[in-house]
Each structure stands twice: as structure tokens, then as C-alpha cells.
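Subject: Structure for you to look through

Dear colleague,

I am passing on the structure that we spoke about, and below it you will find my notes on what turned up in it. Please read them with the structure open beside you.

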Amino acid sequence: MPDPAWSTIFVLLILVVNLVGVRLYGELEYWFAILKILIVLVFIIIALCVTSGGLGGHVIGFEYWNNPGSFSNGGLGTLNVLLSAGFSFMGTEIVGITAGEAKNPTKTVPRAIRNTFWRIVFFYIVTIFLLGMCIPYTNPDLANSDGDPGTASFTLVFSLAGINVGAHIINAVILISVLSAANSSLYTCSRTLLGLSKDGLAPKWMGRMNRWGAPYWAVLVSSLVGFLCVFVSIYSASVAFVWFLSITAVSGFISWWGIAVVHIRFRRAFKAQGRELSDLPFRAFAYPWSAIVAIILTTFIILGQGYTSFTPQFDGVKFVTAYIGLVPVALWYAGYKIIKKTKVVPLLDVDFETGRVTRLDVEKDKEEDEVLPWYRKALAWVV
């Protein structure tokens with residue numbers, strides 16, 4: 001079967017999962033996460049054995065950091081891949097979106113935020129570090145000559161270790177990871193449309209629910225993007241991937257920028273109204289510097305990632321590919337301001353009462369969390 005046919009089948013399956021309701025979605029993501037974590041732990045052990053010479057025949061160590069080097073094309077080369085690297089981290093903001101449907105959000109959401117940070121450090125940074133030790137960036141298997149994606153880097157490490165069966169398992173897990181990402185992306189998009197419809201910023205029919213509590217119109221509209229990707233891939237998958245990656249990654253960085261800005265205004269308004277910080281179920285680490293650094297870095301990446309379109313000479317196609325993601329954001333924001341004639345809400349007028357979590361809610365969630373069996377509590381800190 002051709003790739004678009006498989007993609008269509010998987011998109012339909014994901015669509016059904018999101019139409020059934022959040023319970024099935026959450027259960028699938030829970031087990032997907034456990035599977036991915038177990039595989040990453042196995043990979044870390046295998047990679048350590050490969051680079052130390054326990055598997056593969058010789059000690060690698062930091063050999064590839066010297067030849068061909070640890071950074072391709074220096075600082076500019078690093079800047080050039082920041083957009084695609086950031087794309088791999090997109091989705092961490094889903095923690096905030098799921099708060100509205102979490103069973104006991106005052107306990108689960110802060111825990112999920114803390115776990116997300118440590119998961120990024122351990123499962124992303126450590127694995128990238130080990131990949132850089134085991135495989136040089138000049139490895140021909142990392143990309144095919146025609147520009148299409150090559151063999152997955154995780155798979156190459158298992159092949160170096162002589163574990164061919166492990167390579168097949170990794171490919172299966174990568175497929176599951178892609179399905180998990182698509183599943184969570186469809187959930188995020190549909191719930192965002194639901195929230196916009198409730199606030200009067202999207203058509204009211206987007207907020208209609210089915211008997212399982214899923215916003216079916218929002219899910220169906222969101223899924224159209226997935227089917228569009230499948231349709232475009234029929235003509236040129238590699239070109240379509242570059243364009244969609246640029247649009248979604250830039251949009252994601254703009255979302256992160258907006259989250260950091262809103263976070264600063266939230267805390268300023270909270271303080272301006274004389275409220276106690278102890279009333280917040282969760283407080284961000286290193287505020288306000290964490291938010292300020294996020295604003296600076298996201299701005300730098302959004303504006304600087306397309307530098308290759310200017311050197312050695314201006315390339316119009318590269319320029320449009322790099323910055324096309326800014327266009328819809330600017331149009332939607334300007335259009336909303338012009339049509340709605342809205343202004344920035346003064347700090348003293350920010351609404352902290354609608355949907356506010358009370359101390360009674362905190363105590364109730366604490367009681368429910370304490371009745372969980374010990375193994376569920378242990379898994380909650382890992383998954």
C-alpha cells in the first residue's frame with residue numbers, strides 16, 4: 001500500500017479516538033508514554049554500551065566530537081537547526097490545555113508540569129547527547145541522497161550494537177510516537193477551537209458536544225489539516241514536510257512567546273490586585289527571569305532562523321518558507337483587533353474569579369490523590 005493510504009487509515013483512527021471522548025484519549029496517551037519511556041531507557045543503556053566499546057567492537061567516546069566535529073557549520077549551523085529542534089519539543093504546552101478536563105487539576109497539573117521539565121532534561125537532552133557520541137552528523141544513513149528522510153538515528157545505534165531485532169522494535173515505537181503526537185495535536189487543536197467558541201472568538205457550533213463530551217465539530221475541523229497533509233504528500237512528501245514544519249514550528253514558537261508574555265502580565269496583575277501568591281496551586285521556577293529568557297530566545301529563533309535566505313544571496317523561496325508562519329498570526333491578530341476594537345486589559349481589571357480554584361478544591365483533590373495505590377503514585381512521577 002502507498003504511504004498516503006496508510007496515513008489516511010491512521011488519521012481516521014485518531015479521529016475516532018478523539019470523537020469518543022477524553023477518557024479514551026488519556027488512556028491511550030498514558031500507555032503510549034509508558035512504552036516510549038521504557039524504550040528510551042533501553043536505548044540509553046545500549047548507547048552507553050556502544051560509545052564505551054561494550055557493544056559494536058570499539059570504543060567511540062568523544063571521537064566524533066573531534067572528527068567531524070560537534071557542531072556542523074559552527075554557530076550559524078546551530079541557529080539553522082533551532083527551528084526544527086524546537087519543532088521536536090512542540091506539544092509541552094498541552095499540559096495547560098488539558099487542565100480543563102483533568103480529574104483533579106490542582107494536583108495533576110503541577111505534577112505534570114514538573115514531570116515535563118525533567119522528562120525534557122532526561123529523555124530529550126540525554127538521548128541527543130548520546131546520539132551525538134554514537135553517530136557523526138556526516139553518517140550517510142541519516143539522510144537519503146534524494147532529500148527524503150533516512151534511517152532513524154535510534155535505529156542506527158541499535159544496528160551499531162549488532163541488535164537488528166532492536167532496530168525493528170525502534171521503528172515500531174517511532175510509529176507509535178508519531179501516532180501519539182498526531183493524537184495529542186488533534187486534541188490540542190480541537191480544545192483550542194472549543195475554548196475560542198465558548199469565548200465568542202470562533203463560531204458557536206464549534207462548541208457542540210456529542211454524548212461522550214467531545215466537541216465533535218471542532219475535532220472534525222481540526223482533522224481537516226491532517227487530511228490536507230496526506231493529500232499534499234501525494235505530490236511531494238519532502239517539500240510538503242519542509243513547508244508544514246516551518247509553518248507549525250514558527251507558530252509554536254509564537255505560542256510559547258505569547259505564553260511567556262501572558263505569564264508576566266498574569267503575575268503583575270495578581271500582585272497589583274493585592275492577592276497572595278500562596279493562593280496559586282503552582283508557581284513557575286525562577287520567575288520572572290524564566291519568562292524573560294523564554295521571550296528573548298523565542299524572538300531570536302523566530303527572526304533569526306531564516307538567515308540562510310539572505311546569504312550568500314537572497315533566496316525568495318527560502319525566505320517565504322522560513323517566515324510564512326508569521327503571516328497567519330499577524331493577519332488573525334490584526335483582524336481581531338480591527339473587527340472587535342479591543343484594547344489590552346488593565347492589570348486591575350484582569351478577571352481572576354471566573355473558573356478560580358479555591359482552597360476547598362485543593363483540599364478535595366489532595367484527598368482523592370491520597371487514596372491512589374502506591375504503584376499509581378510511582379507511575380505518576382514517571383509518566
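A patch, as the word is used here, is made of residues with over 30% relative accessible area and no salt bridge, and nonpolar side chains are joined into one when they lie within 5 Å. Please keep in mind throughout that this is a predicted model.

With that meaning in hand, a nonpolar surface patch of about 820 Å² can be described, made by Val 239, Phe 241, Val 242, Trp 243, Phe 310, Phe 314, Val 317, Phe 319 and Val 320. Helix H9 (216–272) and helix H11 (316–323) each supply at least two of its residues, and the largest share, four residues, comes from H9. Val 239 is found in helix H9, and its relative accessible area of 44% makes it partly exposed, a class that runs between the 20% limit for buried and the 50% limit for exposed.

For the overall picture, the protein chain holds 14 helices and zero strands. Of its 383 residues, 30% are buried, while its accessible surface comes to about 23,300 Å², with 69% of that belonging to carbon and sulfur atoms. If we take the contacts between residues at least 6 apart in sequence, 70% of them join residues at least 24 apart.

Turning to the interior, which residues of the largest nonpolar core touch the most other members? They are Phe 43, Val 50 and Val 157, out of the 24 residues in that core. Helix H2 (22–52), helix H6 (105–134), helix H7 (153–160) and H8 each supply at least two residues of this core, and H2 gives the largest share, eight residues. Leaving aside neighbours within four places in sequence, Val 50 is in contact with Leu 55, His 58, Ile 60, Cys 134, Val 157, Leu 160 and Ala 161. Apart from this core lies another, of seven residues, among them Leu 83, Val 250, Phe 253 and Ile 301.

Ile 301 also appears among the buried residues of H10, which are Ala 291, Thr 298, Ile 301, Ile 302 and Gly 304. Helix H10 (residues 289–304) has 16 residues and reaches 22 Å from its first C-alpha to its last, close to the 22 Å expected at 1.5 Å a residue. What covers its buried residues includes helix H4 (74–89), H9, H11 and helix H12 (326–340).

Two single residues are also worth finding in the viewer. Is Ser 184 buried or exposed? Ser 184, which lies in helix H8 (residues 164–198), counts as buried because its relative accessibility is 18%, and buried means under 20%. Setting aside its neighbours within four places in sequence, Ser 184 is in contact with Tyr 25, Glu 29 and Ile 94.

The other residue, Ala 269, has its place in helix H9 and is buried, with a relative accessible area of 0%. Beyond its neighbours within four places in sequence, Ala 269 is in contact with Leu 347, Val 350 and Phe 352. The C-alpha atoms of Ala 269 and Asp 349 are separated by 8.2 Å, although these two residues are 80 residues apart along the chain.

With best wishes

Notes. Residues are numbered from 1 along each chain as its sequence is written. Side-chain values use heavy atoms; hydrogens and water are left out. Buried means under 20% relative accessible area, exposed over 50%, partly exposed in between (1.4 Å probe, protein chains only). Contact means heavy atoms within 4.5 Å. Accessible areas come from the Shrake-Rupley method with a 1.4 Å probe; for residues, only the protein chains shown count as cover. Patches are made of residues with over 30% relative accessible area and no salt bridge: like charges are joined within 9 Å, nonpolar side chains (Val, Leu, Ile, Met, Phe, Trp, Tyr) within 5 Å. A salt bridge is a side-chain nitrogen of Lys or Arg within 4 Å of a carboxyl oxygen of Asp or Glu. The expected span of a helix is 1.5 Å times one less than its number of residues. A nonpolar core is a set of buried Ala, Val, Leu, Ile, Met, Phe, Trp, Tyr and Cys residues joined through side-chain atoms within 4.5 Å.
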